[in-house]
Amino acid sequence: MTTQATPRERLLDAAGELFYRDGVHIGVDALCKAAGVSKKSMYQLFRSKDELIAESLASHGPSYQQVLEPGPEDGNTPRERILAVFERQDAALTDGGFRGCPFVSTAVELKNPEHPGSVVARHFKQRLTDFFESELVAAGAEDPQLLAVQLTMVFDGASARAVVRAQALGGVGVTLAASVLDAAGIKAPELAGQTR
């Protein structure tokens with residue numbers, strides 16, 4: 001037995017798709033039409049379009065992260081788990097529907113760090129940095145916090161490059177992330193015995 005989506009769920013789904021594809025400045029009329037919901041209903045469910053932007057990003061963020069981050073107990077080394085994020089980013093770019101990191105895209109479009117959508121975007125970007133940091137701590141990195149920020153910048157830069165160039169990365173993000181890890185002494189097992 002399937003249940004039909006509520007107007008709220010339809011609005012969140014439509015907003016997630018349209019904001020990612022067309023940007024957060026798409027009009028309320030287009031959103032409501034795509035969701036099959038009246039404007040009156042939308043404003044009864046959400047106080048403002050700003051609230052809808054934030055809630056849509058919050059509702060779709062976990063699935064985006066799940067695509068990127070390996071499971072908690074996959075048996076791989078911290079280095080492999082970190083590089084898996086960049087490999088998954090690479091794979092996402094080949095499907096043709098990739099338009100960049102939704103969190104970065106939203107924050108860049110909104111330009112206001114206090115906007116509810118920017119706050120949600122910042123939260124999810126911090127979660128990625130926290131994932132990197134926890135893996136770096138497990139790997140015994142000397143400055144895991146700084147390295148985690150650097151890896152997040154590699155991720156965001158690779159994402160932006162793919163969008164601007166309208167082409168897949170072809171492993172460039174993976175290679176650059178591996179170089180950052182190598183420079184920090186977090187080497188692949190076959191290189192770990194070699195001197196730096």
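Is Phe86 buried or exposed? Select Phe86 in your viewer and take a look: at 1% relative accessibility, Phe86 counts as buried. Keep in mind as you go that this is a predicted model.

**Stop 1: the aromatic rings**

A search of the whole structure turns up five aromatic pairs. Start with one of them by adding Phe132 to your selection: the rings of Phe86 and Phe132 are stacked, with 5.6 Å from centre to centre and 5 degrees between the planes. This pair links distant parts of the chain, since Phe86 sits in helix α5 (residues 78-93) and Phe132 in helix α7 (residues 116-139), 46 residues apart. Phe132 also counts as buried, at 0% relative accessibility.

Now select Phe155. Phe86 pairs with this ring too, but here the arrangement is edge-to-face: 6.1 Å centre to centre, with 65 degrees between the planes. Again distant parts of the chain are linked, as Phe155 belongs to helix α8 (residues 144-165) and lies 69 residues from Phe86. Phe155 is buried, with a relative accessible area of 1%. To see the whole group, add Phe131: Phe86, Phe131, Phe132 and Phe155 form one aromatic cluster.

**Stop 2: Leu128**

Stay in helix α7 and pick Leu128. Its relative accessible area is 5%, so Leu128 is buried. Beyond its neighbours within four places in sequence, Leu128 is in contact with Gln65, Glu69, Val85 and Phe155, the last of these being a member of the aromatic cluster you just visited. For a sense of scale, draw a line from the C-alpha atom of Leu128 to that of Val164: the two are separated by 22 Å, and their positions lie 36 residues apart along the chain.

**Stop 3: helix α1**

Next, select residues 7-22, which make up helix α1. These 16 residues should span 22 Å at 1.5 Å a residue, and the end C-alpha atoms are 21 Å apart, which agrees. Colour Leu11, Leu12, Ala14, Ala15, Gly16, Leu18 and Phe19, the buried residues of α1. They pack against α2 (28-35), α3 (39-45) and α4. Just after the helix, Gly23 takes a positive phi of about 105 degrees.

**Stop 4: Lys49**

Move to Lys49, in helix α4 (residues 49-68). What is the nearest side chain of opposite charge to Lys49? That is Asp50, 6.8 Å away, and Lys49 has no salt bridge although it is buried. Show the backbone of Val24 as well: its oxygen lies 2.8 Å from a polar atom of the Lys49 side chain. Setting aside neighbours within four places in sequence, the contacts of Lys49 include Phe19, His25, Leu31 and Tyr43.

**Stop 5: salt bridges**

How many salt bridges does the structure hold? There are eight, and three of them make a good finish.

- Glu17 and Arg21 meet at 3.6 Å, N to O. Both lie in helix α1, four residues apart, about one turn of the helix. Glu17 counts as exposed at 51% relative accessibility, and Arg21 as partly exposed at 39%.
- Asp29 and Lys39 meet at 3.4 Å, N to O. Asp29 is in helix α2 and Lys39 in helix α3, so the pair ties together parts that are ten residues apart in sequence.
- Arg47 and Glu51 meet at 2.6 Å, N to O. Arg47 counts as exposed, at 74% relative accessibility, whereas Glu51 is buried, with a relative accessible area of 14%.

Finally, select Glu17, Arg21 and Asp22 together: salt bridges that share partners join them into one network.

Methods. Residues numbered from 1 in each chain as written. Predicted model: local features only at pLDDT ≥ 70, side-chain atom pairs only at ≥ 80, totals over all residues. Heavy atoms only, no water. Phe/Tyr/Trp six-rings, centres within 6.5 Å; stacked < 30°, edge-to-face > 60°. Helix = DSSP H or I, 4+ residues; strand = E, 2+ residues; numbered from the N terminus. Buried < 20%, exposed > 50% of the residue type's maximum accessible area, 1.4 Å probe, protein only. Lys, Arg positive; Asp, Glu negative; His and termini not counted. Salt bridge = Lys/Arg side-chain N within 4 Å of Asp/Glu carboxyl O. Polar contact = N/O pair within 3.5 Å; in protein donor to acceptor, adjacent residues only side chain to side chain. Contact = heavy atoms within 4.5 Å. Expected span 1.5 Å × (residues − 1).
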